[in-house]
Amino acid sequence: MPHAHVDKRVDPGNPISYVTGVIQTERLKALFLELVRIDSLSRREGRIAERLRTELAALGAEVEVDDAGAAVGGETGNVIAHVPGTGPGEPLLLCAHMDTVEPGVGVKPVVEGDVIRTDGTTVLGGDDKSGVAIVCECVRVCRELELPHPPLEVVFTICEEVGLQGAKHLDLGRVRARHGLVFDSDAVGFVFTRAPGSNGIEVVVRGRAAHAGMAPERGISAIQVAADAVARMRLGRIDAETTANLGLIQGGRAVNIVPEEVRIRGEARSHDAAKLDAQTAHMRECFERAAARHPGAVADVKVHRQYEAMHVSDDSRVMRLVRAAAREVGRTIESAGMGGGCDANVLNRRGLEVVNLGTGMREIHTTSEWLKVSDMVAAAEVTLSVIRLARSPG
Ligand SMILES: [Zn+2]
């Protein structure tokens, strides 16, 4: 009964009234609180996927699940929902991820007025259930108010937090939309159009074990070789577009054994592909040259591309839509660059044009994570306006 809930504030002659005051704060908050209480660590998204399939089917969407779950060894694939258009226009993608980071089991949200936080023992999972809840509320409002909109394609991905695996394995044969929004960042009032590409680096330095007291000259210290390499390496902030880090180091067996093996893991990121390649090559070279300075030592360096950079133009169709939508609801939205990757990196690489809209999540990936419901409402209003404006003119 879509008419039963029509809000009298909606005046078809006044575009602002189409999108402000129609997002139902309490309903959005209730769905968000329900979703964060459903455990959904990466590869364990089965329960939340089931809940969201029900939610979307009740909103008149045709819902399917792709085969990405099998590819990543998870409980479910990506949830893909097709909401038929009620007006002309190209399909619009609305995408958020279902998985959360650890510690994320048994979330007990604490509500303090407009703020929702954790009890300090887990993350909140606002990353990215704020995005999921915003998308569901917007689809619901579209249906209730019978707002004219193009076909909407909702994609709730798995395994974003473990290398954007859901987006990488997303079955694009089931998705017609070629532009849209990803909801997976903090700052409301910003839309992220640029993000770095990243290389992961895994190094094994091998020396030779020997008794440290009886015959140290027979050994080659892998720790010393690794230290030699790291001491000459440019790390941290390389330039405005590029960063590098070695984050993990493990090695050695005992204090009286010359260590024969050290394992090191790190990464490089850059908005510029050539700079990313140069920094990665520099890190590799530091290890290989250090090994060469210590005859008998070997450095085995493996590099893998974690994700590609994204750079969506401010003149792109989706950015023009976002700016017009923000204007319509009396806000300004600025484009910005992110320091990390998200599903948008992958989707842009795979031929879509998507930008990442802030949802209000704060201090993500920590047990102090929190958000303001009013920020989610603001993001939902902009989204609803994007949906409305995504109709083709005429
Ligand atoms: Zn996220």
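What spacing do the donors of the zinc ion follow along the chain? They follow H-x29-D-x56-D, and the legends below begin with that site. This is a predicted model, in which local features need pLDDT of at least 70 and side-chain atom pairs count only at pLDDT 80 or more, while totals for chains, interfaces and linings use all residues. Residues are numbered from 1 along each chain as its sequence is written, and side-chain values use heavy atoms, with hydrogens and water left out.

**View 1. The zinc ion and its protein donors.** His97 (NE2), Asp127 (OD) and Asp184 (OD), the last of these listed twice, lie 1.9 to 2.8 Å from the zinc ion, where donors are N, O and S atoms within 2.8 Å of the metal (3.2 Å for Na, K and Ca), and sites may look incomplete because water is not among the atoms. The angles among the 4 donor atoms run from 50 to 143°, and the site is irregular. Asp127 belongs to helix α5 (residues 126-144) and Asp184 to strand β7 (residues 179-185), so the pair ties together parts that are 57 residues apart in sequence; helices (H or I, at least four residues) and strands (E, at least two) are DSSP runs, numbered from the N terminus. Both Asp127 and Asp184 are buried, that is, under 20% relative accessible area with a 1.4 Å probe and protein chains only.

**View 2. The open sheet β4-β5-β17.** In this order 3 strands form an open sheet with antiparallel pairing, where two strands pair if DSSP finds at least two bridges between them. β4 (110-112) and β17 (370-372) stand at the edges with a single partner strand each, so one side of each is left without a neighbour in the sheet. β4 and β5 (residues 115-117) are paired over 3 bridges, and Val110 stands opposite Arg117 in β5.

**View 3. The open sheet β10-β11-β12-β9-β13.** Here 5 strands form an open sheet, again with antiparallel pairing. β10 (236-239) and β13 (298-307) are the edge strands, each with a single partner strand, so one side of each lacks a neighbour in the sheet. Between β11 (residues 242-251) and β12 (residues 261-270), which run antiparallel, there are 9 bridges, and the bridge partner of Gln250 in β12 is Arg263.

Terms used: Tetrahedral: all angles 85-135°; square planar, octahedral: opposite > 155°, others 65-115°. Buried < 20%, exposed > 50% of the residue type's maximum accessible area, 1.4 Å probe, protein only.
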